[in-house]
Amino acid sequence: MSLLSLSNLTIRYGRLTAVRNVAFTLAEGEILFITGPNGAGKSSLLRAIAGVTPPAGGRIDFADHDITGRAPEDIARLGVSMVPEGREVFGSLTIEENLTVGTGMHAGEHGWRGRAADALEEIYATFPILKERRHTQAGLLSGGQQQMLVIGRALMTNPRLIAIDEPSLGLAPNITDQVYERLIALRAHRKLTLLIVEQSSTRAMMVGGRMILMRGGEVLLDGDARAMGQSEAMQAAYFGYGDH
Amino acid sequence: MGSVMQVVFDAASLGSLYALGALGIALIFGVMRLVNFAHGDVIAACVFVLLWPSVDAVAIVFAGNLPWFLLVPFVLAMGAALSVASEVVVFRRFRNANPATMMIASFALGFVIRYFLLMLYSSRPKSISLLPTLSQPVEIMGARIPLLQVITIVVTIGVLFGLTSFLRRTRFGLEMRAAAENFTMARVLGVRANRVIMGAFALSGALAAAIALILGSQTGTANIVMGANVMLMAFIATVIGGMGSLAGAVIAGFLLGAIAVVMQVILPPDARAFRDAFVYGAVILVLIFRPQGLLTARGTKERV
């Protein structure tokens with residue numbers, strides 16, 4: 001049973017077609033990397049799944065619901081949490097406030113404060129640095145800390161699918177390692193499904209799992225990341241020679 | 001000493017009006033990048049809800065006869081309701097339009113409200129006596145200050161504290177602050193857009209109603225254009241304060257009130273008629289040196 005399924009998805013900005021007829025399915029618990037050069041349509045794809053950019057055509061299903069063109073807050077309620085490119089922390093809010101924004105939909109019997117307190121403890125256990133600086137304005141954090149904050153913030157919504165746009169962007173390699181280490185641990189611990197967009201395929205090959213290679217708004221390759229790394233088609237996709 | 005105190009109280013009470021007005025505009029601008037020019041007409045409408053519709057010269061007081069502890073909540077609720085209605089009926093349809101289109105829609109809505117009042121009540125200013133006990137003077141440090149001025153200042157400070165703690169301590173306040181900074185991201189985290197925007201409109205409408213109560217008691221008249229001047233000054237205050245910055249709007253509102261009152265005192269009598277020209281001159285100076293406003297709001301960059 002697939003958790004997420006895209007069929008014939010097309011996304012346009014005015015006359016520019018960013019994504020053309022993309023289709024794939026993602027099973028629960030799977031880890032999928034979407035890679036490809038600049039302008040391949042990777043970010044557009046994530047934004048469409050999260051409901052930020054309504055698609056021009058095609059259909060997106062998540063957990064047996066048709067979510068095509070639905071509002072971001074409705075899609076979030078079904079269990080999709082997106083971490084956008086450039087992180088987008090709420091700079092004037094404290095770390096703790098940033099984290100708490102996402103708990104509104106799980107008011108539950110303890111009210112939002114009770115629910116937030118439990119979830120916060122869990123996030124703080126994963127990212128101790130966030131606890132240390134919980135009352136600091138998020139805008140003052142370093143890039144790596146902001147990246148941990150936005151991943152933590154996305155987890156606070158208690159998602160089934162977490163979709164992250166370029167978690168390594170602007171981070172030193174050892175910080176990126178840390179971020180990935182936590183992501184992989186979280187995936188095992190929470191049975192999360194991960195959809196990660198990266199420009200480079202190196203990270204996908206290190207972590208393993210499935211990889212989709214996009215270019216010019218279309219899916220070129222879809223398969224096992226490690227196997228794909230060896231293939232010539234992959235080189236061709238990046239450097240633009242060969243026919244496809 | 002007495003006359004200095006008089007000036008201080010004049011400045012603070014005029015500044016309070018501008019600050020309350022600026023807050024009402026900045027709250028809505030913060031969450032949806034709309035400059036709501038209908039705000040002044042909402043203020044006027046809040047005075048007229050106290051009167052029974054008639055085109056007679058004499059006002060037929062209706063809700064205005066309520067005791068103050070019912071009258072104040074009634075007017076606040078009407079302001080909030082009118083403001084929320086304008087969101088549901090008009091602004092919701094322009095949610096994805098560009099800011100200029102939304103601004104023009106707000107002008108149109110303002111005209112509709114004003115001409116609706118004109119139709120129901122005629123354009124003649126009507127004299128009303130709203131909360132008449134408040135015009136009695138009290139003596140503070142040698143100056144005789146109208147009680148209403150004192151109440152205006154106290155109420156404004158109370159509203160500022162109340163709003164600050166609402167924004168800081170409640171779930172709804174948290175969602176509003178997050179949405180004001182990055183609306184799309186807040187929605188991705190499950191914050192309901194409609195709820196936040198309607199909340200902002202309700203607060204803004206209640207602030208308009210508070211201004212209406214103060215203006216109505218101060219001037220003793222109901223006039224369909226009575227909100228226009230406050231609206232203009234409040235708008236200028238939000239620009240000087242840095243669009244979308246609530247603290248900036250409040251500071252700039254008080255600053256404008258102070259400048260206006262001080263100009264009134266220090267300008268030679270012949271130039272006093274041109275007081276507003278001097279105030280706007282000061283505004284231009286501020287904007288030349290700080291075009292981004294006194295405080296820069298985060299998240300006012302273009303949304304993608």
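Which residue just after α7(A) takes a positive phi? The legends below take up this question and others for a predicted model, in which local features need pLDDT of at least 70 and side-chain atom pairs count only at pLDDT 80 or more, while totals for chains, interfaces and linings use all residues. Residues are numbered from 1 along each chain as its sequence is written, and chains are lettered from A in the order in which they are written.

**View 1. The end of helix α7 of chain A.** Helix α7 (residues 173-190; helices are DSSP runs of H or I with at least four residues, numbered from the N terminus) of chain A has 18 residues. From its first C-alpha to its last, α7(A) reaches 25 Å, close to the 26 Å expected at 1.5 Å a residue, the expected span being 1.5 Å times one less than the number of residues. Just after this helix, A:K191 takes a positive phi of about 55 degrees.

**View 2. The side of chain A that touches chain B.** Here 23 residues of chain A are in contact (C-beta atoms, placed from the backbone, within 7 Å) with 18 residues of chain B. The elements giving two or more residues to this side of chain A are α2 (72-78) and α3 (95-101) of chain A, and the largest share, four residues, comes from α2(A).

**View 3. Helices α2 and α3 of chain B.** The axes (lines fitted to C-alpha atoms over the stretch in contact, with angles from 0 to 180 degrees between N-to-C directions) of α2 (residues 39-48) and α3 (residues 68-89) of chain B come within 9 Å and cross at roughly 140 degrees. In this pairing, B:V42, B:A45 and B:C46 in α2(B) meet B:V75, B:M78, B:G79, B:L82 and B:S83 in α3(B).

Notes:
Contact = placed C-beta atoms within 7 Å.
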